[in-house]
Amino acid sequence: MKIKNIDKASERIKKAVQNNEQIILFADSDLDGAASATILKETIDNLNYSKTRVFFPDRRKEGYGLNKDVLEIITAEFEQGLLITLDCGITNYEEVKTIKERGFNVIIVDHHKEVGNRLPEADIIVDPKQKEDKSLFKEYANAGVTFKLAEEILGDNMSKMLRESFLELTALATISDMMIEIEDNKEFIIQGLSNIEKSERPAIKAIISFLGQFNSKRDMVSKINSVLNSARIKNHVIDSYLLLTESNLEKAKIMAKDLLEETEAKHREIAALTDEVKKKFLNNPLNIIFDGSPKWEVEYLGSVASRLCNYFEKPVFIYQKYDELSRGTVRVPKKYDAVKAMESCKHLLETFGGHAPAAGFTIKNENIQKFEQCLLEYFEK
Ligand SMILES: [Mn+2]
């Protein structure tokens with residue numbers, strides 16, 4: 001059984017091409033989002049259509065996904081047309097409604113869970129985790145869903161080379177998003193990594209040329225991914241997307257070197273920050289790690305939280321504190337579910353979302369202590 005609506009989405013995209021509509025790819029600003037945007041952009045390029053624009057939200061200024069601020073920018077900047085969300089959208093009820101009222105059509109391509117029984121009123125929703133989806137495999141990264149959509153759109157016209165190139169990106173994104181490596185995901189990873197050292201994609205060639213020695217293929221992948229997970233963004237296009245879609249190897253090398261240097265600086269920051277928190281909690285008997293500071297850059301906190309979670313084998317909630325709000329990152333050991341934990345305290349939160357092992361939240365500073373208390377009680381059980 002195919003993913004629900006994937007055929008409809010394919011038809012709608014082809015219709016947009018026939019009608020010369022503006023297509024806007026609205027993707028989350030991480031590697032899974034960038035890979036999804038790259039796959040779909042190049043798929044549409046293969047239909048000989050160039051009226052496609054990409055847009056990534058600036059996480060520091062506008063936060064995650066499709067939100068009110070971003071919506072204003074999109075409707076001001078683009079002519080009406082077909083907006084396709086990638087790796088976000090499934091919980092954006094109000095935003096989807098507004099953007100439709102302003103004359104856009106909306107396709108949601110997401111792999112996050114729907115919340116409750118509510119879906120946004122998009123024209124088409126492709127998300128294996130929506131309740132009415134009867135397809136068997138649910139654990140794709142968004143790039144995996146997008147790859148399936150690309151297959152649907154191009155069919156036999158997807159060349160072997162393009163397919164291999166898409167599978168490389170799908171494999172990297174599946175690993176980056178820490179999706180479970182079984183069934184289709186396992187297949188993507190095996191096929192996508194089988195020949196990645198000889199990738200035809202200038203971005204991957206360029207990154208590998210700077211990496212030097214690796215201990216294993218997985219070591220190589222984690223280095224490639226750390227470069228491609230750069231959060232740097234200009235005019236709502238992330239640098240990793242520009243790199244992934246760069247066709248000139250020399251240009252790709254300059255961009256890759258630049259991102260690599262930034263990544264190394266970031267790793268030094270992450271290591272220092274991890275040490276700082278580790279020392280603080282070394283002899284702490286509480287069952288969770290919960291801490292924040294105005295100085296902790298939120299973009300580093302995902303990596304810091306992962307390391308702390310591995311080290312302490314406890315749920316980790318760390319946040320950057322701004323004037324009124326704090327933005328935090330969550331990692332929990334396998335036996336827990338971060339989203340469920342926050343659901344039990346949601347009256348204290350402004351927003352929260354993510355997956356069982358890795359999630360995020362925003363909270364008013366006045367609620368932080370209560371939130372910690374609520375989590376302590378939740379994990380007591
Ligand atoms: Mn994702």
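Student: Which residue in β12 stands opposite R327?

Tutor: Quick heads-up: this is a predicted model, so to speak of local features we need pLDDT of at least 70, side-chain atom pairs count only at pLDDT 80 or more, and totals for chains, interfaces and linings use all residues. Numbering starts from 1 along each chain as its sequence is written. β10 (residues 325-331) and β12 (residues 358-364) are antiparallel partners over 7 bridges (strands are DSSP E runs of at least two residues and helices are H or I runs of at least four, numbered from the N terminus; two strands pair if DSSP finds at least two bridges between them). Find R327 in β10 and look across to β12, and the residue opposite is T362.

Student: Which are the edge strands of the open sheet that holds β8 and β11?

Tutor: That open sheet has 5 strands with mixed pairing, in the order β8-β9-β10-β12-β11. An edge strand pairs on one side only, and that picks out β8 (289-293) and β11 (351-354).

Student: Which helix carries the chain from β8 to β9?

Tutor: β8 and β9 (residues 316-321) run parallel and are joined by 5 bridges, with I289 partnered by V316. The crossover between them is right-handed (with the strands pointing away from the viewer, the path from the first strand over the helix to the second runs clockwise). The helix on that path is residues 298-312, α13.

Student: Is E313 buried or exposed?

Tutor: You'll find E313 in the loop between α13 and β9, with a positive phi near 50° although the residue is not glycine. The cut-offs are 20 or more other C-beta atoms within 10 Å of its own for buried, 12 or fewer for exposed, and partly exposed in between, with C-beta atoms placed from the backbone. E313 has 12 C-beta neighbours inside 10 Å, so it counts as exposed.

Student: Where does N235 lie?

Tutor: N235 is another non-glycine residue with a positive phi, near 45°. With 8 C-beta neighbours inside 10 Å, N235 counts as exposed. Its place is the loop between β6 (233-234) and β7 (237-238).

Student: Which residue of β5 does I108 stand opposite?

Tutor: I108 belongs to β4, a strand (residues 105-109) with 4 of its 5 residues buried. On one pairing, β3 (residues 81-86) runs parallel to β4 over 5 bridges, and T85 stands opposite I108. On another, 3 bridges join β4 to the parallel strand β5 (residues 124-126). There, I108 faces I125.

Student: How many of the 13 residues of α6 are buried?

Tutor: First, a length check on α6 (residues 142-154): 1.5 Å times one less than its number of residues gives an expected 18 Å, and the end C-alpha atoms are 18 Å apart, which agrees. The buried residues include N142, F147, K148 and I153. The helix is largely enclosed by the rest of the structure, because the number of its residues that are buried is 11.

Student: How many residues of domain 2 are in contact with domain 1?

Tutor: The domain assignment, automatic or from a database, gives domain 1 (6-182) and domain 2 (283-380). Their centres, taken over C-alpha atoms, are 28 Å apart. Counting contacts (C-beta atoms, placed from the backbone, within 7 Å), 4 residues of domain 1 take part, and from domain 2 the number is 4.

Key. Two residues are in contact if their C-beta atoms, placed from the backbone, lie within 7 Å.
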